[in-house]
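These are my notebook entries on what I looked up in this structure. I began with how the parts of the chain meet and then turned to one pair of helices.

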Amino acid sequence: MIDLFSDTKTRPTAAMRQIMANAEVGDERANEDPSVNRLVARCATLLGKDAALYLPSGTMCNEIALAVHCKPGDEVICDATAHVIGFEGGGPAALAGVMLNPVAGTRGIFSAAQLREKLHSDRPYAPRQRLIEVEQTANLGGGAIWPLSTLQEVSKVAHAAGLATHMDGARLFNASVASGIAVVDYAHGFDSVWIDFSKGLGAPGGAVLAGSREFIAEAQRWQFRIGGAMRQSGIIAAACEYALDHHIARLADDHSNAKRLAGGIAQIDGLRIDPTLVETNLVYFDVAASGWNAEKLCAALSGHKVRMGAMGTHTIRAVTHLDVDRARIDMALAALRDALNAGV
Ligand SMILES: *Cc1c(COP(=O)(O)O)cnc(C)c1O
């Protein structure tokens with residue numbers, strides 16, 4: 001199976017498993033796991049923040065960040081396509097108790113002017129505006145990269161209005177590798193930021209949330225509150241550290257494979273994509289003109305040993321990652337042609 005469903009489908013490499021087997025471990029809850037301690041210190045430096053916290057997932061990073069920044073009834077401003085809206089089980093409402101005020105951005109990215117239009121002076125009848133949240137890269141925005149200048153402008157506008165800023169960095173390294181801009185520069189101006197190790201970086205799990213010392217102290221309380229504190233998690237943290245050493249530069253391969261895939265899709269009758277919009281490892285294309293709907297075509301594709309994801313009635317997403325090389329991209333393109341030729 002060529003699995004392009006998500007970059008979460010990567011499996012730990014043999015070398016990564018070896019590092020995991022030999023990892024030094026201790027009780028993470030007592031701050032005694034040397035592998036976890038090393039990883040969080042390294043991530044805090046990497047992201048330019050005072051402190052960092054190891055958590056099981058990116059979802060938990062988002063949920064805890066919202067809960068620390070906000071009180072129940074507060075408002076979070078984010079793009080309408082944000083992961084926190086559609087993919088976290090209603091956590092923002094259930095855990096932080098916040099209102100999400102969606103901005104109709106372009107490809108998951110909104111401007112400082114759009115943010116300004118959302119802001120209002122304090123009114124007793126309105127939810128208190130407390131936080132803005134951005135995704136770098138924007139997942140449902142097609143893996144689009146927030147330009148550094150836009151991030152700086154929105155964070156400036158947010159801070160001037162007394163709001164905090166949070167960055168969902170599930171694919172922050174993809175943005176950095178594609179643009180050549182360091183993650184610390186993207187994270188600058190954001191009060192909290194997290195990176196995911198289970199996406200393109202290829203670790204079996206784990207994410208690191210970074211921010212000020214006070215922010216992380218509160219985040220740790222939430223970690224205990226919702227059961228995100230683990231024990232000998234150095235086994236996974238060692239895989240994350242390995243990923244930092246070995247799996248960042250290679251994200252460029254995923255990006256060139258994504259471009260190759262997009263270029264091939266653009267040549268197939270009935271499929272629509274603008275390959276120039278593929279900036280990182282996410283490839284969204286439209287199947288409407290083929291007469292297929294996305295779910296049926298994905299089902300037909302799996303018969304050809306290729307998995308992609310239906311993201312809308314006529315939208316399919318394919319994600320490149322370290323388990324899919326260039327030759328398999330060409331096989332996936334052949335499978336797409338075969339599935340379509342076999343008829344609706
Ligand atoms: C995957 C993802 C998350 C959640 O990360 P998990 O580690 O899967 O919980 C959050 N935001 C974005 C943009 C993502 O793509």
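Entry 1. I looked up the contact between the two domains in this predicted model, and I found that 20 residues of domain 1 are in contact with 13 residues of domain 2. For the bounds I noted that domain 1 covers 13-246, while domain 2 covers 250-342. I also looked up the separation of their C-alpha centres, which lie 28 Å apart.

Entry 2. How much area do domain 1 and domain 2 bury between them? I read a value of about 1300 Å², of which 57% is on carbon and sulfur atoms. On the side of domain 1, I noted that Arg107, Asn174 and Gly200 supply 31% of the area buried against domain 2, which is more than any other three residues supply.

Entry 3. I then turned to helix H1, residues 14-21, and helix H11, residues 234-246, whose axes are 8 Å apart and which pack at an angle of about 135 degrees. Angles over 145 degrees count as roughly antiparallel and 65 to 115 as roughly perpendicular, with oblique used for the rest outside the roughly parallel range, and therefore I recorded H1 and H11 as oblique to each other. I noted their crossing as right-handed.

Entry 4. Which residues of H1 meet H11? I listed Ala15, Met16, Ile19 and Met20 from H1, and opposite them Ile235, Ile236, Ala238, Ala239, Tyr242 and Ala243 from H11. Sorting the residues of this contact by kind, I found ten nonpolar, no polar and no charged.

Notes
Residues are numbered from 1 along each chain as its sequence is written. This is a predicted model: local features need pLDDT of at least 70, side-chain atom pairs count only at pLDDT 80 or more; totals for chains, interfaces and linings use all residues. Side-chain values use heavy atoms; hydrogens and water are left out. Axes are lines fitted to C-alpha atoms, for helices over the stretch in contact, and angles run from 0 to 180 degrees between N-to-C directions. Helices (H or I, at least four residues) and strands (E, at least two) are DSSP runs, numbered from the N terminus. Angles under 35 degrees count as roughly parallel, over 145 as roughly antiparallel, 65 to 115 as roughly perpendicular and the rest as oblique. A crossing is left-handed if the near helix is turned anticlockwise from the far one by less than a right angle, and right-handed if clockwise. Contact means heavy atoms within 4.5 Å. Ala, Val, Leu, Ile, Met, Phe, Trp, Tyr, Cys and Pro count as nonpolar, Asp, Glu, Lys and Arg as charged, and the others, Gly among them, as polar. Domain bounds come from an automatic or database domain assignment. Buried area is the accessible area (1.4 Å probe) that two parts lose on being put together, summed over both.
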